[in-house]
Amino acid sequence: MSEPVVSVLMTVFNAGRFLDPSIRSILNQTFRDFEFLIIDDASTDGSAEIAEAWAGRDPRIRFIRNAGNKGQTTCLNQGLQ
(Lines give C-alpha, C1' and ligand atoms only; values in the text may rest on other atoms or scores of the structure.)
Protein backbone atom coordinates (compact mmCIF):
# COMPACT_ATOMS: atom_id res chain seq x y z
CA MET A 1 0.00 0.00 0.00
CA SER A 2 1.38 3.42 -0.95
CA GLU A 3 1.60 6.47 1.27
CA PRO A 4 -1.52 8.67 1.17
CA VAL A 5 -1.24 12.05 -0.53
CA VAL A 6 -2.88 13.96 2.35
CA SER A 7 -3.08 13.52 6.10
CA VAL A 8 -6.11 14.86 7.96
CA LEU A 9 -5.55 15.46 11.68
CA MET A 10 -8.37 15.85 14.19
CA THR A 11 -7.99 16.24 17.93
CA VAL A 12 -10.94 15.42 20.15
CA PHE A 13 -11.79 16.16 23.77
CA ASN A 14 -15.34 15.54 24.97
CA ALA A 15 -16.90 16.36 21.60
CA GLY A 16 -19.07 13.26 21.33
CA ARG A 17 -22.19 14.98 20.06
CA PHE A 18 -20.25 16.62 17.20
CA LEU A 19 -17.85 13.79 16.41
CA ASP A 20 -19.98 11.51 14.24
CA PRO A 21 -21.06 14.27 11.81
CA SER A 22 -17.49 15.60 11.71
CA ILE A 23 -16.03 12.21 10.80
CA ARG A 24 -18.76 11.67 8.19
CA SER A 25 -17.94 15.05 6.64
CA ILE A 26 -14.27 14.17 6.24
CA LEU A 27 -14.99 10.71 4.85
CA ASN A 28 -17.57 12.01 2.36
CA GLN A 29 -15.07 14.20 0.52
CA THR A 30 -14.61 13.38 -3.16
CA PHE A 31 -10.83 13.20 -2.75
CA ARG A 32 -10.13 9.69 -1.40
CA ASP A 33 -6.33 9.36 -1.11
CA PHE A 34 -5.88 10.42 2.50
CA GLU A 35 -5.19 9.10 5.95
CA PHE A 36 -7.34 10.38 8.80
CA LEU A 37 -5.65 10.57 12.18
CA ILE A 38 -7.94 11.10 15.17
CA ILE A 39 -6.33 11.76 18.54
CA ASP A 40 -8.60 11.56 21.56
CA ASP A 41 -7.25 13.58 24.50
CA ALA A 42 -8.66 11.39 27.31
CA SER A 43 -12.33 12.19 26.67
CA THR A 44 -14.87 11.08 29.25
CA ASP A 45 -18.05 11.46 27.16
CA GLY A 46 -17.83 8.51 24.76
CA SER A 47 -15.87 10.34 22.07
CA ALA A 48 -13.14 7.70 22.07
CA GLU A 49 -15.63 4.89 21.54
CA ILE A 50 -17.19 6.72 18.58
CA ALA A 51 -13.82 7.35 16.95
CA GLU A 52 -12.64 3.80 17.63
CA ALA A 53 -15.79 2.38 16.02
CA TRP A 54 -15.20 4.48 12.91
CA ALA A 55 -11.56 3.36 12.78
CA GLY A 56 -12.77 -0.23 12.75
CA ARG A 57 -14.94 0.48 9.70
CA ASP A 58 -12.61 2.57 7.56
CA PRO A 59 -8.94 1.62 7.02
CA ARG A 60 -7.98 5.25 6.30
CA ILE A 61 -8.64 6.14 9.95
CA ARG A 62 -5.91 5.79 12.56
CA PHE A 63 -7.08 6.31 16.12
CA ILE A 64 -4.92 7.21 19.11
CA ARG A 65 -6.28 7.63 22.62
CA ASN A 66 -4.21 9.44 25.22
CA ALA A 67 -4.33 8.07 28.76
CA GLY A 68 -4.33 11.58 30.21
CA ASN A 69 -5.37 15.01 28.98
CA LYS A 70 -2.43 16.76 27.29
CA GLY A 71 -4.15 19.73 25.66
CA GLN A 72 -4.83 20.52 22.02
CA THR A 73 -1.40 21.86 21.09
CA THR A 74 0.37 18.79 22.43
CA CYS A 75 -2.12 16.54 20.63
CA LEU A 76 -1.61 18.38 17.34
CA ASN A 77 2.15 18.02 17.71
CA GLN A 78 1.64 14.34 18.55
CA GLY A 79 -0.30 13.90 15.32
CA LEU A 80 2.32 15.72 13.27
CA GLN A 81 4.99 13.31 14.50
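Helices and strands are DSSP runs, numbered from the N terminus. The legends below describe close-up views of a predicted model.

**View 1. The loop that holds Phe31, and a nonpolar patch on the surface.** Phe31 is found in the loop that runs between helix H1, residues 16-27, and strand E2, residues 34-40. With a relative accessibility of 43%, Phe31 counts as partly exposed, because that class lies between the limits of under 20% for buried and over 50% for exposed. Together with Val5 and Val6, Phe31 forms a nonpolar patch on the surface, and the accessible area of these residues together is about 270 Å².

**View 2. Asp41, a buried acidic residue without a salt bridge.** Asp41 sits in the loop between E2 and helix H2, the latter spanning residues 47-57. Although Asp41 is buried, it has no salt bridge, and the nearest side chain of opposite charge, that of Lys70, is 6.7 Å away. That distance of 6.7 Å to Lys70 is to be read against the limit of 4 Å that a salt bridge requires. A polar atom of the Asp41 side chain does, however, lie 2.8 Å from the backbone nitrogen of Gly71. When neighbours within four places in sequence are left aside, the contacts of Asp41 include Val12 and Phe13, as well as Asn66, Gly68, Asn69, Lys70, Gly71, Gln72 and Cys75.

**View 3. Asp20 and Arg24, a salt bridge within helix H1.** The structure holds five salt bridges, and one of them joins Asp20 to Arg24, with the closest N and O atoms 2.9 Å apart. Both Asp20 and Arg24 belong to helix H1, where they are four residues apart, which is about one turn of the helix. Asp20 is partly exposed, at a relative accessible area of 25%, and Arg24 is likewise partly exposed, at 42%.

**View 4. Glu35 and Arg62, a salt bridge between two strands.** The side chains of Glu35 and Arg62 meet in a salt bridge, with a distance of 3.3 Å from N to O. This pair links distant parts of the chain, since Glu35 lies in strand E2 and Arg62 in strand E3, residues 61-65, with their positions 27 residues apart in the numbering. Glu35 has a relative accessibility of 22% and counts as partly exposed, and Arg62, at 45%, is also counted as partly exposed.

**View 5. Glu49 and Arg65, part of a salt-bridge network.** Glu49 forms a salt bridge with Arg65, in which the closest N and O atoms are 3.6 Å apart. Here too the pair links distant parts of the chain, with Glu49 in helix H2 and Arg65 in strand E3, 16 residues apart. Glu49 is partly exposed at 43% relative accessibility, and Arg65 is partly exposed with a relative accessible area of 44%. Salt bridges that share partners join Asp40, Glu49 and Arg65 into one network.

**View 6. Ala48, a buried residue of helix H2.** Ala48 is found in helix H2 and is buried, its relative accessible area being 2%. Apart from neighbours within four places in sequence, Ala48 is in contact with Asp40, Phe63 and Arg65. For orientation relative to the first view, the C-alpha atoms of Ala48 and Phe31 are separated by 26 Å, and these residues are 17 residues apart along the chain.

**View 7. Asn14 and Ala42, two loop residues with positive phi.** Most residues other than glycine have a negative phi. Asn14, in the loop between strand E1, residues 6-12, and H1, nevertheless has a positive phi near 50°, and Asn14 is partly exposed at 32% relative accessibility. Ala42, found in the loop between E2 and H2, has a positive phi of about 65° although it is not a glycine, and Ala42 is buried, with a relative accessible area of 15%.

**View 8. Asn66 and its surroundings.** Asn66 lies in the loop between E3 and helix H3, residues 72-80, and is buried, with a relative accessible area of 6%. The side chains of Asn66 and Gln78 are joined by a polar contact of 3.0 Å. Not counting residues up to four places away in sequence, Asn66 touches Ile39, Asp40, Asp41 and Ala42, and also Cys75 and Gln78.

Methods
Residues numbered from 1 in each chain as written. Predicted model: local features only at pLDDT ≥ 70, side-chain atom pairs only at ≥ 80, totals over all residues. Heavy atoms only, no water. Patch = residues over 30% accessible without salt bridge, like charges linked within 9 Å, V, L, I, M, F, W, Y side chains within 5 Å. Areas by Shrake-Rupley, 256 points an atom, 1.4 Å probe, with all protein chains shown as cover. Buried < 20%, exposed > 50% of the residue type's maximum accessible area, 1.4 Å probe, protein only. Lys, Arg positive; Asp, Glu negative; His and termini not counted. Polar contact = N/O pair within 3.5 Å; in protein donor to acceptor, adjacent residues only side chain to side chain. Contact = heavy atoms within 4.5 Å.
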